[in-house]
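Subject: Structure for you to look through, with notes

Dear colleague,

I am passing on a structure that I would like you to open and look at before you read any further. My notes come after it, and I hope you will check each of them against what you see.

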Amino acid sequence: MSKAKRLLDILLFASAKKKFTAQEIADEFQISVRTVHRYILDLSDMGLPIYAEQGRHGGYTVLSSKMLPPILFTEDEAVSIFFSFQSLRYYRDLPFDAEISSVSHKLYNSLQPDAKAKVDKIRSYIAFWAPKRTIHTPLLRDVLEAAIHNQNIHMQYESKSGTTTKYIRPIGIYAHDGLWYLPAYDYPKQKVLLFRVDRIRSIESTEENHDEYMNLQEWFSSYEVKQPIRLYVQLSAEGIRQFKSIPNFEDSVVIHEDGTGHIDMMMDKSEINFSMPLFYRLGAHARVLEPQELIDGMRKHAEEILRLYSGDN
């Protein structure tokens, strides 16, 4: 029997048994105790979290049973997994950043020389680039764990009005444009709000729920317009090009024969303030005709900027 096959068999035996002696493995696989110790060292080097206790009643204990047996990947599968991890490298904080680094390192080291050469070469020609944020999100994993374990959170949250205490039920977390967001049910306001995870200053306490609530995927698919309002925007050719890259609007762009176009869709009234920065950025390439609330908000913002640069100061 090959050494690789023997190591796999011992790994499966140890993960199932959790606590065992070298003699038990020797008897099970008909090998010497000295060989068992050597194999245990090999498994430890491979990442098996194992603790050895010396003495007459000593033995080995697997510190965690959450170990997966070896999985066979084709070269292309291994390369694709490696670069999936690489796509996350521009986020300063990730929920499992240490583990991702460890897995990526193990995966790369397990590749055959020709596969390593392929990865090294591809690195020079492909990047999943996004502006790297310097904002620290230290409580990212804690928030995710609370959502997974169906817990409420009492937290200190920093917003425009200052730092306040929030009592929420997390739905999940998602990343967008280098930042992490937390949709959660706000108990005092009795509705789902969106929080920036980096603005959570501390988690004061958590408490377990006994009833189920929606998860992140269900929240994504449950969007509905509660206060419908018409959005009508005239677009230049450049405006069309930019809107085609915005997920919420790309399917709503209508292109005219002359290359210009428009957007005519229903949106929720609560999203007016969130959409304003987009239209500021597009400037003359997007002219809002409806709703009036959005026009008034943009006009007010433009007047504030004009006063700031009027030269009267």
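What follows is a description of what was found, starting with the chain as a whole and then going through some of its parts.

Please keep in mind throughout that this is a predicted model. The chain holds eleven helices and 13 strands, and of its 313 residues 34% are buried. If you take the contacts in the chain with a separation of 6 or more, 56% of them are between residues 24 or more positions apart. The chain exposes about 20400 Å², and 53% of that area is supplied by carbon and sulfur atoms.

A sheet to begin with

One sheet that you can trace is an open one made of three strands, which come in the order E1-E3-E2 with antiparallel pairing. Strand E1 (19-20) and strand E2 (50-53) each have a single partner strand and stand at the edges, so one side of each has no neighbour in the sheet. E2 and strand E3 (residues 59-62) run antiparallel and are joined by four bridges, and if you would like a pair to look up, Glu53 has Gly59 in E3 as its bridge partner. As background, the strands of a sheet pair through backbone hydrogen bonds, in either a parallel or an antiparallel way.

Helix H10 and what packs on it

Which residues of helix H10 (residues 272-282) are buried? They are Ile272, Ser275, Met276, Leu278, Phe279 and Leu282. The buried residues of H10 pack against strand E10 (228-235), helix H9 (237-243), strand E12, strand E13 (286-290) and helix H11. Just after H10 comes Gly283, which takes a positive phi of about 55°.

A buried acidic residue

Asp268 is found in strand E12, which covers residues 261-268. Is Asp268 buried or exposed? Because its relative accessibility is 6%, and the cut-off for buried is under 20%, Asp268 counts as buried. The side chain of Asp268 reaches the backbone nitrogen of Gln227 at 3.2 Å. Apart from neighbours within four places in sequence, the residues in contact with Asp268 are Tyr223, Glu224, Val225, Lys226, Gln227 and Ile229.

Salt bridges

In general, side chains of opposite charge can pair when their charged atoms come close. Searching the whole structure gives ten salt bridges, and I describe some of them here.

Glu145 pairs with Arg141, with 3.9 Å between the closest N and O atoms. These two residues are four apart in helix H7 (residues 140-148), and therefore about one helical turn separates Glu145 from Arg141. Both count as partly exposed, Glu145 at 26% relative accessibility and Arg141 at 34%.

A salt bridge also links Arg299 with Asp296, whose closest N and O atoms are 3.4 Å apart. Arg299 and Asp296 are both in helix H11, where they are three residues apart, or about one turn of the helix. It may help to recall that an α-helix has 3.6 residues a turn, so residues three or four places apart point the same way. Arg299 is partly exposed at 46% relative accessibility, and Asp296 is partly exposed as well, with a relative accessible area of 37%.

Asp264 forms a salt bridge with Arg230, and here the closest N and O atoms are 2.8 Å apart. Asp264 lies in strand E12 while Arg230 lies in strand E10, so this pair ties together parts that are 34 residues apart in sequence. The relative accessible area is 38% for Asp264, which is partly exposed, and 31% for Arg230, which is partly exposed too. Arg230, Asp264 and Glu290 are joined into one network by salt bridges that share partners.

A patch on the surface

Finally, please look at Ile305, Leu308 and Tyr309, which form a nonpolar patch on the surface and together have about 370 Å² of accessible area. Tyr309 is found in the segment after helix H11 (292-308). Because its relative accessibility is 67%, and exposed means over 50%, Tyr309 counts as exposed.

With best wishes

Methods:
Residues are numbered from 1 along each chain as its sequence is written. This is a predicted model: local features need pLDDT of at least 70, side-chain atom pairs count only at pLDDT 80 or more; totals for chains, interfaces and linings use all residues. Side-chain values use heavy atoms; hydrogens and water are left out. Patches are made of residues with over 30% relative accessible area and no salt bridge: like charges are joined within 9 Å, nonpolar side chains (Val, Leu, Ile, Met, Phe, Trp, Tyr) within 5 Å. Accessible areas come from the Shrake-Rupley method with a 1.4 Å probe; for residues, only the protein chains shown count as cover. A salt bridge is a side-chain nitrogen of Lys or Arg within 4 Å of a carboxyl oxygen of Asp or Glu. Buried means under 20% relative accessible area, exposed over 50%, partly exposed in between (1.4 Å probe, protein chains only). A polar contact is a pair of N or O atoms within 3.5 Å; within protein, one must be able to donate a hydrogen and the other to accept it, and residues adjacent in sequence count only if both atoms are side-chain atoms. Contact means heavy atoms within 4.5 Å. Two strands pair if DSSP finds at least two bridges between them.
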